[in-house]
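Hi,

Here is the structure I said I would pass on to you. Have a look at it first, and then read my notes underneath.

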Amino acid sequence: MSSPTPTSARPHVVIVGSGFGGLFAAQRLAKSDVDVTLIARTTHHLFQPMLYQVATGIVSEGEIAPATRVILRKQKNSKVLLGDVYDINLEAKTVTSRLLERITVTPFDSIIIAAGADQSYFGNDHFAEYAPGMKTIDHALELRGRILGAFEQAELSDDPEERARLLTFVVVGAGPTGVELAGQISEMSDKTLKGTFRNIDPTEARVILLDAAPAVLPPFGEKLGKKAARRLEGMGVEIQLNAMVVDVDYDGLVVKDKDGSTRRIESQCKVWSAGVQASPLGKQLAEQSRVELDRAGRVKVLSDLSIPGYPYVFVVGDMMAVDGVPGVAQGAIQGGRYAADAITAGLRGQTQEQRKPFGYYDKGSMATVSRFSAVMQVPIPGTKKMFETEGYFAWLGWLALHLVYLVGFRNRLNTLINWFFAFSTRGRAQLAVTEQQVYARTALGALSELEKKSIPEVEAESADVAAAKDSESTTDPKAEAS
């Protein structure tokens, strides 16, 4: 176990997470008289809204996930630690993180917790083995391998039923991520892969968008949701609403319809984008304080984004539950900046009672449906009305906004070039996949479970397997005959 040695007598601010909330909070503290330590379980800052473009070969992972150390290298009052935070002690004011077998304890005077959220399978975590989510770079690369691998397997198959299963792609969840992903899988099969195989026709691929809700893109309202649905259906995407997934296995999934009947969809490639669950660190905060959690595990913070009884503990981003603040990048960015400003004001003597409540400025919502088509919803200043539009101009607005929030000029330039070729031609530059990308997650999961067992347990299981094999060999008629 190690503990970072303080480098100065200045107040120490620990930030947990390198997403939008954590990174923008760290940058906001650049000129404050504090020392900042950012602890994250990944080495990069992920621009999550563009993960689906990594999964479908439009951009590379490096363009949307620059190294956090590189971003903050000129900020002299900050440092970055790699590790998975698994314990926050509010009374001792310490954060404990783990990197492989190394345990690090980091003290703090103030803390900003922006650990984000993971994919939620609504209590059916075993679905994850067959239907990965869309929350990490690993997920996106695995999904790219699964999509392209399905076409490759279909090319080798002579069985019509197997081909149909391999060429059926199911996206669970009709929110922005699900809509964007379904649209891009359809475009990839119709345009990018058209004519590249000899035994199959990729344009015959079946893309299904499932959701238990009765509408597509519920947060955008009925009007834009219906327009997005019509565009997807025009591309050949099958939209099945009021359809709840009740079981998932390697070869398909079982769906329960509104009338209570169940049916099975045969599909090897499935992706889950139906829900989110906040970091388990929220539960730790609830156990140590009077703070409450919502159904998704998000922390019901006070008006200044702190938790009751601990004015130096702030929760931002996907971990915070604040009325009127959606779980989008802007909510995390504004929350991170607010918490950083509150800490800086505290250095000047401002008390918690003097803090102005956090105010969220809604800059609108956007989602792409396909090339040249998107939906956009922007509030009209001074009114409670929303300006809504869809189509080409909404798509241009989506491109411009996402370029602005990409970190680094070079990443913006490379992304712009990739977009130009992907949207003006059939080509996509990022279609390389490896076997490890597809199977590493499940292999690591199995290894993790193995590591949790004691050595005697593993040896006993191995002995049982060996004994079973010996028993089979002695009773095998072929073995007896020989």
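Below is what turned up, starting with the strands and ending with the surface.

Before anything else, please keep in mind that this is a predicted model.

Let's start with the open sheet. It has six strands in the order S3-S2-S1-S7-S18-S17, and the pairing is mixed. The edges are strand S3 (78–82) and strand S17 (306–307), each of which pairs on one side only. Further in, you'll find strand S7 (residues 110–113) next to strand S18 (residues 310–315); these two run parallel and share three bridges. If you want a spot to zoom in on, take Ile111, whose bridge partner in S18 is Val313.

Then there's a hairpin to look at. Strand S12 (residues 243–249) pairs with strand S13 (residues 252–257) in the antiparallel sense, over six bridges. How many residues does the hairpin use to join S12 to S13? Just two residues make that link. Within this pair, Val245 sits opposite Val255 of S13.

One more strand is worth a quick stop: S21, which covers residues 386–391 and holds Phe387. With a relative accessibility of 44%, Phe387 counts as partly exposed, because that class lies between the 20% and 50% cut-offs. Phe387 is eleven residues away from Met376 along the sequence, and their C-alpha atoms are 8.0 Å apart in space.

Now for the surface, where I have two patches for you.

The first one I'd show you is nonpolar. Phe409, Leu413, Ile417, Phe420 and Phe421 make it up, and its area is about 550 Å². One of these residues, Phe420, belongs to helix H12 (residues 409–424). Is Phe420 buried or exposed? Its relative accessibility is 56%, so Phe420 counts as exposed, the cut-off for that being over 50%.

The other patch is positive, and it is formed by Lys191, Lys194, Arg231 and Arg426. Among them, Arg231 can be found in helix H8, which spans residues 221–234. Arg231 has a relative accessibility of 34%, so this residue counts as partly exposed.

If you only have a few minutes, I'd go to the S7 and S18 pair in the open sheet, then to the S12 and S13 hairpin, and finish with the nonpolar patch that includes Phe420.

Shout if anything is unclear.

Cheers

How values were computed. Residues are numbered from 1 along each chain as its sequence is written. This is a predicted model: local features need pLDDT of at least 70, side-chain atom pairs count only at pLDDT 80 or more; totals for chains, interfaces and linings use all residues. Side-chain values use heavy atoms; hydrogens and water are left out. Patches are made of residues with over 30% relative accessible area and no salt bridge: like charges are joined within 9 Å, nonpolar side chains (Val, Leu, Ile, Met, Phe, Trp, Tyr) within 5 Å. Accessible areas come from the Shrake-Rupley method with a 1.4 Å probe; for residues, only the protein chains shown count as cover. A salt bridge is a side-chain nitrogen of Lys or Arg within 4 Å of a carboxyl oxygen of Asp or Glu. Lys and Arg count as positive and Asp and Glu as negative; His and the chain ends are not counted. The place of a charge is taken as NZ of Lys, CZ of Arg, CG of Asp or CD of Glu. Helices (H or I, at least four residues) and strands (E, at least two) are DSSP runs, numbered from the N terminus. Buried means under 20% relative accessible area, exposed over 50%, partly exposed in between (1.4 Å probe, protein chains only). Two strands pair if DSSP finds at least two bridges between them.
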